Amino acid sequence: MFDLSGKRALVTGASGGIGSAIAKALAAQGATVALSGTRVGALEDVAKEISGQTHILPCNLSDLDAVERLVPQAEEVMGGVDILINNAGMTRDNIFMRMKDEEWDDVLKINLTAPFHLTRSAIKGMMKRRFGRVISISSVVGVVGNPGQANYAASKAGLAGMSKSLAYEVASRGITVNTIAPGFIGSAMTDELNEKQRETILQKVPAGRLGSAEEIAAATVFLASDGAGYITGHTLNVNGGMVMI
Amino acid sequence: MSDIADRVRKIVVEHLNVEAEKVTEKASFMDDLGADSLDQVELVMAFEEEFGVEIPDDAAESIQTFGDAVAFLSKATE
């Protein structure tokens, strides 16, 4: 039901915690995976942990020319892109009244504009093949907001709106477009939290623990699979019950 | 010219599931042949593939009828 043999996936931000877990999980289901990111060494490390076929496609998502080339490169090395995972993202936190233009622009560019370009380029081949999966990693913050993250929240909410609109347009062509909204996930970033911060966060999470990157990857595999063919325009919340909507 | 028209007609017939007789010079893909905007995009993609040409977005938007498509592709493949 969740077999991805013969499918070709492109994952952005593939050297990060969630991105690498997604790449490994897709490969474990049989997909060929193209790993994209800026740190080639880190991408190579992820590739080493994958027994299936992988390709490394370095790309700086703040360079729109490079962004436009990424999907064609992936199509060239794999013969097509059936599954696009818009995972790469960044934060540049500041309270709203102090937020700099660059802080706003940089976050929107990486988190929302780059996915728009990548998706627009990938959708063409998907339309021809009458199959496609576009999965964007959003955030619980895009659903409920977060002080200090107006730019990040806007970009993540934007992904959901973009995905829903596109989902309408291409549903009849066998293409589904969804987002996954992780809650607090254990990562290098959350490792830096002190005990008190950690406690404050966990008080909001009925599950009483942080999520794992593998749990986001599992949700991604599900949405990428044939089994999820009737799910589109959806935001899958993976947050331990932190927000139930 | 007629060869191009035949190839274009074949794509339109297959893609929009219409009878070949309805695909006349002035037939509009959207108004007369039941295409929606996504069908229109797909037709252009199919033309690109069949004729090995690239059709830029602004040109694609000007291709509204069967005659437009034949004229554009005749020129593009000269």
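## Close-up views of a predicted model

**View 1. A polar contact links the side chains of Glu48(B) and Lys124(A) across 3.4 Å.** Welcome to this model, which is predicted. A good place to begin is this pair, with Glu48 contributed by chain B and Lys124 by chain A.

**View 2. Glu48(B) sits in helix H2 of chain B.** To find your way, follow this helix through residues 37–51. Is Glu48(B) buried or exposed? Glu48(B) counts as buried because its relative accessibility is 12%, and the cut-off for buried is under 20%.

**View 3. Beyond its close sequence neighbours, Glu48(B) touches residues of both chains.** With the residues within four places in sequence left aside, the contacts of Glu48(B) in chain B are Val53(B), Glu54(B) and Ile55(B). From chain A comes Lys124(A), the partner in the polar contact of the opening view.

**View 4. Chain A is built with 9 helices and 7 strands.** Stepping back from Lys124(A), you can take in the chain as a whole. Its C-alpha atoms fill a box of roughly 50 × 40 × 35 Å along the principal axes. The radius of gyration is 17 Å, which agrees with a compact globule, because 245 residues packed that way would give a value near 18 Å. Among contacts in chain A with a separation of 6 or more, 69% join residues 24 or more positions apart.

**View 5. Buried residues make up 51% of chain A.** What remains accessible on chain A is a surface of about 11,400 Å², with 53% belonging to carbon and sulfur atoms. For charge, look for 23 positive and 24 negative side chains; the centres of these two sets are 5 Å apart.

Conventions
Residues numbered from 1 in each chain as written. Chains lettered and ligands numbered in written order. Predicted model: local features only at pLDDT ≥ 70, side-chain atom pairs only at ≥ 80, totals over all residues. Heavy atoms only, no water. Helix = DSSP H or I, 4+ residues; strand = E, 2+ residues; numbered from the N terminus. Rg over C-alpha atoms; globule rule 2.2 N^0.38 Å. Buried < 20%, exposed > 50% of the residue type's maximum accessible area, 1.4 Å probe, protein only. Contact = heavy atoms within 4.5 Å. Areas by Shrake-Rupley, 256 points an atom, 1.4 Å probe, with all protein chains shown as cover. Lys, Arg positive; Asp, Glu negative; His and termini not counted. Charge placed at Lys NZ, Arg CZ, Asp CG, Glu CD. Polar contact = N/O pair within 3.5 Å; in protein donor to acceptor, adjacent residues only side chain to side chain.
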